[in-house]
Amino acid sequence: MPKRCCVPGCKGNYEAELRSTPYRSVFRFPKNEELKSKWLASIPRKNWSPSKDSVVCDAHFQQAEIVRTETYVLQDGSANTES
Ligand SMILES: [Zn+2]
């Protein structure tokens, strides 16, 4: 089951569970602290910090801001990430 968006008031993936809308893509918070603080600044939630399972849905991003990455796992177990 897809994760629900953590932005207050956002219905991303709530309605989808009722099969009325398609699922949205969701994004985990970045590991980069600077980027993460930018995300937090645009989410109006007080006294809150994201857990490792918190996600934001694609409704809150411009398409141009989304960098999709694909990870290829090689046969020796190492991973190659390309953007
Ligand atoms: Zn959302």
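In this predicted model, the side chains of Arg28 and Asp53 come together in a salt bridge, with a nitrogen-to-oxygen distance of 4.0 Å. This contact links distant parts of the chain, since Arg28 belongs to strand S1 and Asp53 to the loop between H1 and S2, 25 residues apart. Asp53 also takes part in a salt bridge with Lys52, where the closest N and O atoms are 3.8 Å apart; Lys52 is exposed, its relative accessible area being 68%. Through shared partners, the salt bridges join Lys3, Arg28, Lys52 and Asp53 into one network.

The structure holds 3 salt bridges, and among them is the one in which the side chains of Lys3 and Asp53 meet at 3.8 Å, N to O. Because Lys3 lies in the segment before S1, whereas Asp53 lies in the loop between helix H1 (33-41) and S2, this pair ties together parts that are 50 residues apart in sequence. Lys3 is partly exposed at 31% relative accessible area, and Asp53 counts as partly exposed at 39%.

The zinc ion is held by protein donors from Cys5 (SG), Cys10 (SG), Cys57 (SG) and His60 (NE2), which lie 2.0 to 2.3 Å from the ion. The angles among the 4 donor atoms run from 103 to 116°, and the site is tetrahedral. Along the sequence, the donor residues follow the spacing C-x4-C-x46-C-x2-H. Within this set, Cys5 and Cys57 link distant parts of the chain, Cys5 sitting in the segment before strand S1 (26-28) and Cys57 in strand S2 (residues 55-57), 52 residues apart. Both Cys5 and Cys57 are buried.

How values were computed
Residues are numbered from 1 along each chain as its sequence is written. This is a predicted model: local features need pLDDT of at least 70, side-chain atom pairs count only at pLDDT 80 or more; totals for chains, interfaces and linings use all residues. Side-chain values use heavy atoms; hydrogens and water are left out. Donors are N, O and S atoms within 2.8 Å of the metal (3.2 Å for Na, K and Ca); water is not among the atoms, so sites may look incomplete. Four donors count as tetrahedral if all angles lie between 85 and 135 degrees; four count as square planar and six as octahedral if opposite donors are over 155 degrees apart and all others between 65 and 115; anything else is irregular. Helices (H or I, at least four residues) and strands (E, at least two) are DSSP runs, numbered from the N terminus. Buried means under 20% relative accessible area, exposed over 50%, partly exposed in between (1.4 Å probe, protein chains only).
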